[in-house]
Amino acid sequence: MIIKPRYKGVICTTAHPAGCEMDVRQQIEHVRASGTIGHGPRRALVVGASGGYGLASRISAAFGCGAATIGVFLERPSHKDRTASAGWYRAAAFDRYARQAGLSAWSLNGDAYSSEMKELAIDTIKSELGQVDMVIYSLASPVRVMPATGEVRRSTLKPIGQSFSGYTIDIGSGRLRGIRAEAASDREIRDTVAVMGGEDWELWIAALREADVLANGCITTNYTYVGSEVTWPIYHHGTIGRAKQDLDRAARELRRSLAAIDGTARVIVLKGLLTGASSAIPGMPLYLSLLFRAMRKEGIHEGCIEQIERLFRTRLFGDGTGQLEEESQIRMDDMEMRPDVQAYINTHWANVNNDNLEELADLEGYRNAFLNLHGFGFDGVDYAREVEADVPTTFSESKSRTDQPMSLFAKTK
Ligand code: NAD
């Protein structure tokens, strides 16, 4: 079939397999261009490995450090005339490129919050790798089925204590649209912490430790965002910010428990980027398009792969090996937070409108990033050509795959 972007509100419902493959190829080429990353993991588990920062982490571990990787994600296959999700195509492309490069890779599709997926990952580590030296937790989800009770908890993107009014960008028309989010209830705050806070990260590490599949010196990471003060009412001080604070608590606990195997846990502050997760945050599209303009003007714009490759090469491994001792959070958002970049955003946040949007914000860059997310807009891909939407994979499915989480996925996308 010929696949074109199809929009439903702020969501694109189609994905292009060849474009997603091109994205993976370009990320691999970026990592390879700078050579091997020394002292990196040899065996890595990545939870949330099919998009955004998790995929960039898997690519950096595999193609930068030469690691065998196990990737966990929740993606949707194609069905009749519906394309698969972009993450499905990206994970399939990763597996193909890894195989071609002689790198071992296992991809597990299903609900990472479930006990079944944790068991599947542990079985895969035991049978294929013995142990892992790194666990990257990069999950972004709107919903969690509690493993013990089956209760469904949903995360919300709301301010705390007061309402938030701002703008979002309508991707179809390229115009600003007013949005308002009411203050979250206590229940919504608790649920967001349950979904996006540190508890499931701790459950993963506890299960992996109990199964004795964490190697001595194992490092585990989780990703957070701080960003500009203009987004704090909805992000840093909102429900998602509360969940992110919980990561710092979890990291402290994990550092304590991992000390027994000389391991450690770190929360990494990354820069704001357009990914599946961030496109849904109220106000974020406008902030990101101003940010892209400010950072591109200074020649310091970074995407997921530039951020993560730099993290691996200069902070965690490579040149940064052995320098982690006193830091708990690692800041990779240094360029986003540069005073000149933030000054640009502070100046224009309040006076941007539909008449000056093109001039002040990088609308084209934002639109391209949005198209790229779904595999569209890549040079070198012939979008007028018929392609097969059904891409064969070697993914393993966890037992929980076909019931609850699958239908939840369909509902939340
Ligand atoms: P993303 O939407 O691109 O990727 C999310 C991943 O989680 C995908 O692989 C998806 O398949 C997987 N996933 C979702 N629900 C799942 C489930 N139930 N079971 C298994 N896998 C599931 O997200 P992202 O933006 O890369 O976010 C990853 C992390 O980085 C999050 O913690 C996010 O808060 C953080 N972060 C993002 C930004 C940003 O601007 N995007 C900035 C800083 C930090």
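**View A. Polar contacts of the ligand in the predicted model.** In this predicted model, a polar side-chain atom of Asp111 is placed 2.9 Å from a nitrogen atom of the ligand. Two ligand oxygen contacts can be followed in the same view: a polar side-chain atom of Thr275 lies 2.5 Å from an oxygen atom of the ligand, and a backbone N or O atom of Tyr53 lies 2.8 Å from an oxygen atom of the ligand. The ligand is surrounded by 29 residues, of which Ser50, Tyr53, Ala112, Lys244 and Thr275 come nearest.

**View B. Packing of helix 5 against helix 7.** Helix 5, spanning residues 186–196, packs on helix 7, residues 239–258, at an angle of about 45 degrees and with the two axes 8 Å apart, which means that helix 5 is oblique to helix 7. The crossing of these helices is right-handed. Helix 5 contributes Glu188, Ile189, Thr192, Val193 and Met196 to the contact, while helix 7 contributes Thr239, Ile240, Arg242, Ala243, Lys244, Asp246 and Leu247. Sorted by class, the residues of this contact comprise six nonpolar, two polar and four charged.

**View C. Packing of helix 8 against helix 12.** Here helix 8 (residues 284–297) meets helix 12 (residues 363–373) at an angle of about 115 degrees, the axes being 8 Å apart, and therefore helix 8 is roughly perpendicular to helix 12. Helix 8 and helix 12 cross in a right-handed manner. Pro285, Leu288, Ser289, Phe292 and Arg296 of helix 8 make the contact with Gly365, Tyr366 and Ala369 of helix 12, and by class the contact holds five nonpolar residues, two polar and one charged.

Technical notes: Residues numbered from 1 in each chain as written. Predicted model: local features only at pLDDT ≥ 70, side-chain atom pairs only at ≥ 80, totals over all residues. Heavy atoms only, no water. Axes fitted to C-alpha atoms, helices over the stretch in contact; angles between N-to-C directions. Helix = DSSP H or I, 4+ residues; strand = E, 2+ residues; numbered from the N terminus. Parallel < 35°, antiparallel > 145°, perpendicular 65-115°, else oblique. Left-handed = near helix turned anticlockwise from the far one by under 90°. Contact = heavy atoms within 4.5 Å. Nonpolar A, V, L, I, M, F, W, Y, C, P; charged D, E, K, R; others polar. Near = heavy atom within 4 Å. Polar contact = N/O pair within 3.5 Å; in protein donor to acceptor, adjacent residues only side chain to side chain.
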